[in-house]
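Hello,

Here is the structure I promised to pass on. My notes on what turned up in it follow below.

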Amino acid sequence: MDARTFPHLFTPLTIRGATLRNRIMSTGHDTVLPTDGTVNDALVAYHEARARGGAGLIVLQVSGVHETARYTTHMLMATEDRSIEGYRRVAEAVHQHGTVLFAQLFHPGREIMESEGGLLAVAYAPSLAPNERFHVMPRPLSRGMIAEIIAGYGDAARRMHEAGLDGVEIVASHGYLPSQFLNPRVNRREDAYGGTPENCLRFLRDVIADVRAKTDERFVIGLRISGGEMDEEGLTAGEALDAIAALDGALDYVHVIAGTSASLGGAIHIVPPMTIENAYMAPFAATVKARVGMPVFVTGRINQPQDAEGVIASNQADVCGMTRALIADPEMPRKAREGRAEDIRACVACNQACIGHFHRGYPISCIQHPVTGRELRYSTVTPAAEPKRVMVVGGGPAGMKAAAVAASRGHRVTLYEASTRLGGQTLLAQLLPGRAEFGGLVTNLERELELAQVEVRKGVRVDKALIEAEAPDAVIVATGATPFRPRLEQGDGMQVVDAWQVIKGEVTVGASVLVSDWRCDWIGIGVAEMLARAGSAVRLAVNGTTAGEVLPLYVRDHSIGRLHRLGVTVTPFARLYGCDGDTVYLQHTTSSEAIVVEGIDTLVVCHGHAPVMELSEALEDYLGTVHVIGDGLAPRTAEEAIFEGFRTAWTL
Ligand SMILES: Cc1cc2nc3c(=O)[nH]c(=O)nc-3n(C[C@H](O)[C@H](O)[C@H](O)COP(=O)(O)OP(=O)(O)OC[C@H]3O[C@@H](n4cnc5c(N)ncnc54)[C@H](O)[C@@H]3O)c2cc1C
Ligand SMILES: Cc1cc2nc3c(=O)[nH]c(=O)nc-3n(C[C@H](O)[C@H](O)[C@H](O)COP(=O)(O)O)c2cc1C
Ligand code: SF4
């Protein structure tokens, strides 16, 4: 297999002065790598890795075009000439690998997420239209400010052009300022910028004209817009289509995605989780293509070259955004072109370390690829100074990553797994409703083991005696975790089971179930959905402020919507106390009052995990080198497990 396997994906495309070598694009995405509003070394290294890996086009994360555009405290700002140097450095780094570079011109309008130093910012929008998600009441823009912001778009583009970028993408997607002007439910103005469809378009027309006037004829101007904001108040697909058609001719390309930042339901589509189907916006892109002459780009859950090839080959779009695919594997385009598609570490749309980190204010990474966001430190694999014999105990994500990375550095590695299958808890995680794709972690890690030529011994439970007999140079203990059972005041009559028993199908639950969820992660919410789908009446009692409290937001909110549709009752602030007969006793975590739930036949306990410590404890007096990692050290998530496996192998 070679590039002919994906002939359409690897066909170049010229737009004005820019020629994309293929149809694979890394779309604009906030990395939380910049620290002072300008491009820094970490961001240059991040994008250079994706350019080196073969992406045709990289679009930089949003750059604010005006002081009022600061929607987070760590975004890029293109409001001053001092930003030019950073843009130039990233352009040079990306260009030397043959990748085209655009940047996003951005104003969020009323979508202000964070505040500087704890003080709420003044948000501006076309009209007095409150934002549901961030609870922001904007101030209507004066005509003077509109003119200033329009000039800000042009000035920012001028700086990017001067820095050597190939083009810009105006962000009219996700309910941000240009979309607020387009949307008649948000734009209630009665002047030249509102009231009629043409007036609602005026802001964008003026922005495009100003950008064109301040750049040259080789510079590309594109538009990002949601082909449906997926919200009652949001821009509809029809409205978006009409706006796109009206701007055909003024623009060089249009880039369609879905969703809005303005509501929790619409925001899910900003970074669609695995519960949303692959390439789901391609049909809308095809509708746009039938209506306009300019190239159409599409993004949203296109995570494999096979899917992208299908989209381009069927003429639904001209370029595919494959953002998380490149976050998970920057080498994806090169592997596809060289006929090594099976070596690609496919993104599983878990949203944990990419957008999950963003929402928690941390730099971008990927749970499967810890190098992402840490390129300055880990980009080049350093061969081991001296090859060692390494025993890795436990074939979950931690052990698998440790073994693969250690072997790729030249160590002689044997991975031992007690059961007959590799994957550890991931094998259970993939059984939760809508979570099958999470099992991709195992497929990806198995391939990494194969490529690194790790010897795998399944069905072997390692004990201290085996380690002493093998006498390796280093032992990595990655023995994982088992369900934690809390102490309960427990009378007779109630069936009490844990989440793993339910997921494995080892128990039959009754018609009326209470799921007690201490950890507030995927398990409680997933088991509740599983049982509700199977026909039980389910109450989910969470020891947190909301179900799925610790989950990535878009994953949580999509799940909560499904639970609501299934009629699952959620009780927040609930600490499990005990059970007796058909009654479960809970306690409110702030009032300390009892919450008594009657008519329950099965209590499902989802109270996190306990580390499996037998081996690590037995090795406490062992004289050789021992590293304990992952859930076996302390139960957390696959992200820490894989990171610790990677880091340990890196330092051997
Ligand atoms: C239902 C469920 C859903 C989850 N969903 C997510 C999710 O969406 N995202 C996320 O990040 N995390 C999730 N997690 C948590 C995640 O799966 C764990 O954090 C991760 O698997 C820990 O990896 P590990 O390698 O440290 O341990 P484990 O996955 O527990 O693997 C340990 C392995 O070691 C083996 N072993 C133990 N002792 C020995 C021995 N003496 N000799 C040989 N082998 C041994 C075990 O058989 C096991 O295969 C979920 C967990 C569950 C149960
Ligand atoms: C960490 C992260 C940050 C993002 N920030 C932006 C952004 O700055 N501008 C933007 O238009 N979209 C942003 N997005 C959305 C992506 O551009 C893209 O539309 C989304 O990841 C879906 O594409 P994918 O399925 O190929 O990953 C972000 C996505 C991620 C994962
Ligand atoms: S963290 Fe998850 S969603 Fe994000 S890139 Fe990695 S696999 Fe994909």
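First, a term: a patch is made of residues with over 30% relative accessible area and no salt bridge (a side-chain nitrogen of Lys or Arg within 4 Å of a carboxyl oxygen of Asp or Glu), with like charges joined within 9 Å and nonpolar side chains (Val, Leu, Ile, Met, Phe, Trp, Tyr) within 5 Å. Accessible areas come from the Shrake-Rupley method with a 1.4 Å probe, and for residues only the protein chains shown count as cover. The model is predicted, so local features need pLDDT of at least 70 and side-chain atom pairs pLDDT 80 or more, while totals for chains, interfaces and linings use all residues. Residues are numbered from 1 along each chain as written, chains are lettered from A and ligands numbered from 1 in written order, and side-chain values use heavy atoms, without hydrogens and water.

On the surface, Tyr577, Tyr585 and Val596 form a nonpolar patch with about 290 Å² of accessible area together. Val596 belongs to strand 26, residues 594–597 (strands are DSSP runs of E, at least two residues, numbered from the N terminus).

Strand 26 is part of an open four-stranded sheet, ordered 19-24-25-26 with mixed pairing (two strands pair if DSSP finds at least two bridges between them). Strands 19 (489–490) and 26 are at the edges with a single partner strand each, so one side of each has no neighbour in the sheet. Strands 24 (574–580) and 25 (583–588) run antiparallel, joined by six bridges; Leu576 stands opposite Leu586 of strand 25.

Best wishes
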